[in-house]
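Biologist: Before we discuss any packing, could you show me the model and tell me how its terms are set?

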Amino acid sequence: MEAGKPATKLKSEALQVLLERGLVHQCTDLEALDARLADGQVTAYAGFDATASSLHVGHLMPLMTMRWLQKLGHKPILLLGGGTSQVGDPSFRNEARPLLGDEQIAANITGIRHSVERLIDFRGEDGARIVNNAEWLTEFRFLEFLREFGSQFTVNRMMTFDSVKSRLEAQMPLTVLEFCYMMLQAVDFLELSRRHDCALQVGGSDQWGNIINGVELGRKGDGKQLFGLTVPLITTASGTKMGKTAAGAVWLHPEHLSPFGFWQFWRNTADADVPRFLRLFTELPMSEVLRLSSLEGAELNEAKKILATQVTAIVHGAEEARHAREQGDKLFAGEGDLAEPTHHMDLSHLADGLGLLQLLVHVGFAQTTSEAWRLVEAGGVRLNSQVIEDPRRKISVGDLKVDDQLSLAVGKRRKALLAFR
RNA sequence: GGAGGAGUGCCCGAGUGGCUAAAGGGGGCGGACUGUAAAUCCGCUGGCUAUGCCUACGUUGGUUCGAAUCCAACCUCCUCCA
């Protein structure tokens, strides 16, 4: 079932909305799922790797799907892969991922939860849940696991999935560890259906194979009908994967990326992406989405600001969003500076002169001092609105402006205001 | 089991003893232009407070004043034969 051409009239508001928003790519059984969603509350889950301490905008599609579902009376579960992160999903990858340790995974789970607390409502008895699949996956004994679940899978079938085939065809090694990943994800779905009556799994289109396995396991193992729904893989107009910038991923966690930085990311959307992004990542009524999408030329800038503010509000809250927009307006209206410090630093750092390169790395404008060096040489770095040409420039107390602040900018869009105390 | 071939930087892809931190393209970043867009043009694109040093061409050793380039072993993959 492909998105965009519903064969029949949908009964459930949930699916209507998801289709209208462009959040549906494939579904295991659209009509039956529609009936189930129309019938009453459905518990749905989306899984995330615990490989970083925050989710990023690349995760926003499944998260928005979960948010809509919650809004329309259903119950989301976010499954964090504390167990599966110890294995690593091989889907569509040509190499095994580095494996993570227990402490790291535990820390990441805490961060991830924090990064989505505004997006999904976890409060109260009936709120969304976060569960960690380590809860059950680490409990299994090997033989027990093989006997209960191994008997439900055939290698023949497992080899037919594109996610595996791509690796095999690329002639890259696929270890048994990775090969079993899809079993683990299938077991996750089954466990969630047993423990929480979860009936729907939402994931990226690269998860289709893993999801199908879960649906089939539910049917064979427990005789239950489970559903899978994938969101489209989204690329930007320039064809790159969404959500990567020079400074790295666009994180949802405010400590990894300030709400203003987040707002800026959306404000910088390419013209051609605006209509799609409004539909996918905001909750504006479709009539408004269409109106904004019809704007042309420089008028689109207004649509971009609305897009940025809406998405920021969903992730960081309305207050932060309004704030970010004010900063953005001020910053680019004239030769303005940021109104509020983006970073705070101890005054003692300046005692011996703080290296400009270090500072650039510290605020995240460069990943390495070499990169910072090049930025300076390219003439892209400004300190207090002055272009700096000497990479060896040290910053001292004498550079501070009012309120012991210092402005630092790279390029046209990356700006920081440092406050020293 | 036998015979050939391949493994290069974020990606693709040249390079067969010194001029190679490695052509060219893509992507990314910076500059100019603009609307904080796109297109175009110019520059940069391993690390290091740095006109030098260090680390890099599957892995480990070897030959050589000098190796991505030659030799050996190993790993992974491809093609043909059985």
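Modeller: Axes here are lines fitted to C-alpha atoms, for helices over the stretch in contact, and the angles between N-to-C directions run from 0 to 180 degrees. This is a predicted model, in which local features need pLDDT of at least 70 and side-chain atom pairs count only at pLDDT 80 or more, while totals for chains, interfaces and linings use all residues. Residues are numbered from 1 along each chain as its sequence is written, chains are lettered from A and ligands numbered from 1 in the order in which they are written, and side-chain values use heavy atoms, with hydrogens and water left out.

Biologist: At what angle do the axes of helix α12 and α15 cross?

Modeller: Helices (H or I, at least four residues) and strands (E, at least two) are DSSP runs numbered from the N terminus. The axes of α12 (residues 259-267) and α15 come within 8 Å. Angles under 35 degrees count as roughly parallel, over 145 as roughly antiparallel, 65 to 115 as roughly perpendicular and the rest as oblique, and α12 is therefore oblique to α15. The crossing angle is roughly 140°.

Biologist: Which residues in α12 meet α15?

Modeller: Contact means heavy atoms within 4.5 Å. On the α15 side, the residues met include Lys304, Ala308, Val311 and Val315. The α12 residues are Pro259, Phe262, Trp263, Trp266 and Arg267.

Biologist: Which helix gives the most residues to the largest nonpolar core?

Modeller: A nonpolar core is a set of buried Ala, Val, Leu, Ile, Met, Phe, Trp, Tyr and Cys residues joined through side-chain atoms within 4.5 Å, where buried means under 20% relative accessible area, exposed over 50% and partly exposed in between, with a 1.4 Å probe and protein chains only. The largest such core has 72 residues, and Leu119 and Trp266 are among those that touch the most other members. With eight residues, the helix that gives the most to this core is α15 (residues 300-316).

Biologist: Why does this core lie between two domains, and which ones are they?

Modeller: Domain bounds come from an automatic or database domain assignment. The core lies between the two domains because both give residues to it, and they are domain 1 (13-231) and domain 2 (258-333).

Biologist: Is Ala321 buried or exposed?

Modeller: Ala321 lies in helix α16 (residues 318-333). Leaving aside residues up to four places away in sequence, Ala321 touches Trp263, Thr309, Thr312 and Ala313. Its relative accessible area is 1%, so Ala321 is buried.

Biologist: How are α1 and helix α13 oriented?

Modeller: The axes of α1 (residues 13-21) and α13 (residues 274-281) are 8 Å apart, at an angle of about 160°. The contact is made by Leu19, Glu20 and Arg21 of α1 with Leu278, Arg279 and Leu280 of α13. That angle makes α1 and α13 roughly antiparallel.

Biologist: What is the phi of Asp404?

Modeller: Most residues other than glycine have a negative phi, and most peptide bonds are trans. Asp404 lies in the loop between β13 and β14, as does Asp403, whose phi is near 60°. Asp403 is exposed, with a relative accessible area of 66%, whereas Asp404 is partly exposed, at 34%. Although Asp404 is not a glycine, its phi is positive, at about 55°.
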